[in-house]
2 protein chains.
Amino acid sequence: MRPLQPNFSTRERILGVAETLFARHGFAGASLRQVTAAANVNLAAVNYHFGSKESLIEEVFRRRLDELNRHRLAALAAIGENPSRTLEDVLDAFIRPALEQSMDSTGGTAFVRVLARAYAEHDERLRKFLSDNYGHVLREFAGAFSKLLPSLSKDELYWRLDIVAGALTYAMADFGMIKRKDNVSEQSHREQSAQHLVRFAAAGLRAE
Amino acid sequence: MRPLQPNFSTRERILGVAETLFARHGFAGASLRQVTAAANVNLAAVNYHFGSKESLIEEVFRRRLDELNRHRLAALAAIGENPSRTLEDVLDAFIRPALEQSMDSTGGTAFVRVLARAYAEHDERLRKFLSDNYGHVLREFAGAFSKLLPSLSKDELYWRLDIVAGALTYAMADFGMIKRKDNVSEQSHREQSAQHLVRFAAAGLRAE
DNA sequence: CTACTATTCAAACGATCGTTTGATTCGTGA
DNA sequence: TCACGAATCAAACGATCGTTTGAATAGTAG
């Protein structure tokens, strides 16, 4: 029996396990003792490598969000500024990178749930961290949506984007009470999820 | 200086404060010492009146959900079975009771945030409690939506209702990153919120 | 091999957690 | 007024929390 994640360093094992347990039990609900035990590392390793639990949480976000938002901005740039681009294109540029990351082999599945947790947490420190580091991406997309929905007032647009963000976050994290059938794979489930989300959100944004 | 909630019993003061602090810090993040201190009652009062923290959490839900779901079912019955009822009517029957409860004088504002917390929590005990006690209401509404959207397959419908539920939950809890203007009151903010939600969700449900 | 740094380790720190205890006070019917 | 259950209280329980310490070990450059 080899250790669970033999190829990764202590630091990386902690990050991976923390992501999983934060998704499952929340930031307050998952203790460092649970994390280090599951990662097969010493308790003190967290404070040695990250300084504090708070910093570990931030690093869990940073590791995934840097890559995710880079892909999102790339996807947005890829569809260009040409007038033929549709609402669905922009929505897809926002959703698909998250979908793909959630299906990678290193266990990104848990991260979208961590993101949803962060959405529900009203912790000021965490919100400021996310806003400071990744707010520009949301503003970029808001601008793209604005050009595609010129008939909407600024207030109206923000309202709808707020709703869309909540719907996407929630649906990607698969928090619904309605369980998916057992015979569809996790991957096809998420692929379908993305398609439904894009169609639903586009219709909602265009309403009236 | 009178005590903060002089007209309420110890039991009710605990429930009210617990609701607020659970909304703000989560179930694991809010301690019984914080709750009892803010409610100006003895620490042991929680275990005396409720038995445990877990039971207190359930009682926080029960107090609001019994009333909320009664109003929801009444609103659904009120619009009747006549073919003139629209998707917007059913959505309104689901949303408006939550909106009104969130604006009552006894501080229901916090509860919609507690609900959103519960949505993000994957705690099996809590999910089972909610499903056992209030699942029939969701099934009732699902049936109403089904009749109004006959062209959708069962899978499609469930997909979209799942998205709608997430959007409603998060938007009602006002978790968005986009802050509302300071000059609009909390009440008009929520009223606008409900209207936008109904329009958005109706368009999304009718998509394609 | 030696010297030095980086990392891991067991153990303990003080603080806080949910819960329990037993005494005290309150409120009401006899 | 008395008696008895309900309610509140201060205090403490053992468990667990995040964090710190100092020694032991691993790894590397000279």
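**Symmetry, chain contact and DNA surfaces**

The residues of the surface near DNA strand C divide into eight nonpolar, six polar and three charged. In this predicted model, 17 residues lie around DNA strand C, and A:Thr10, A:Asn42, B:Ser31, B:Ala44 and B:Ser52 come nearest to that strand. Both protein chains contribute helices to this surface, with at least two residues supplied by each of helix H3 (45–49) of chain A, helix H2 (32–38) of chain B and helix H4 (53–78) of chain B. Among these elements, H2(B) gives the most to the surface near DNA strand C, namely three residues.

For DNA strand D, the surrounding residues number 17, of which A:Ser31, A:Ala44, A:Ser52, B:Thr10 and B:Asn42 come nearest. Here helix H2 (32–38) and helix H4 (53–78) belong to chain A, whereas helix H3 (45–49) belongs to chain B, and each of these helices supplies at least two residues of the surface near DNA strand D. The largest share of that surface comes from H2(A), which provides three residues. By class, the surface near DNA strand D comprises eight nonpolar, six polar and three charged residues.

The arrangement of the two protein chains was examined by superposition. Chain B is brought onto chain A by a rotation of 180° with 0.0 Å of shift along the rotation axis, the RMSD being 0.1 Å. That is the relation of a two-fold axis. Within chain B, the residue that comes closest to the rotation axis is B:Ala167, with its C-alpha at 2.1 Å.

The contact between the chains takes 36 residues from chain B and 37 residues from chain A. On the side of chain B that touches chain A, at least two residues are supplied by each of helix H6 (109–120), helix H7 (124–148), helix H8 (154–172) and helix H9 (186–206) of chain B. The largest share of this side, eleven residues, comes from H8(B). In terms of residue class, the side of chain B that touches chain A has 19 nonpolar, nine polar and eight charged residues. Of the interface residues of chain B, 100% are also interface residues in chain A, and the copies therefore meet through the same surface.

Definitions and conventions:
Residues numbered from 1 in each chain as written. Chains lettered and ligands numbered in written order. Predicted model: local features only at pLDDT ≥ 70, side-chain atom pairs only at ≥ 80, totals over all residues. Least-squares fit on C-alpha atoms with pLDDT ≥ 70 in both. Contact = placed C-beta atoms within 7 Å. Helix = DSSP H or I, 4+ residues; strand = E, 2+ residues; numbered from the N terminus. Nonpolar A, V, L, I, M, F, W, Y, C, P; charged D, E, K, R; others polar. Near = placed C-beta within 6 Å.
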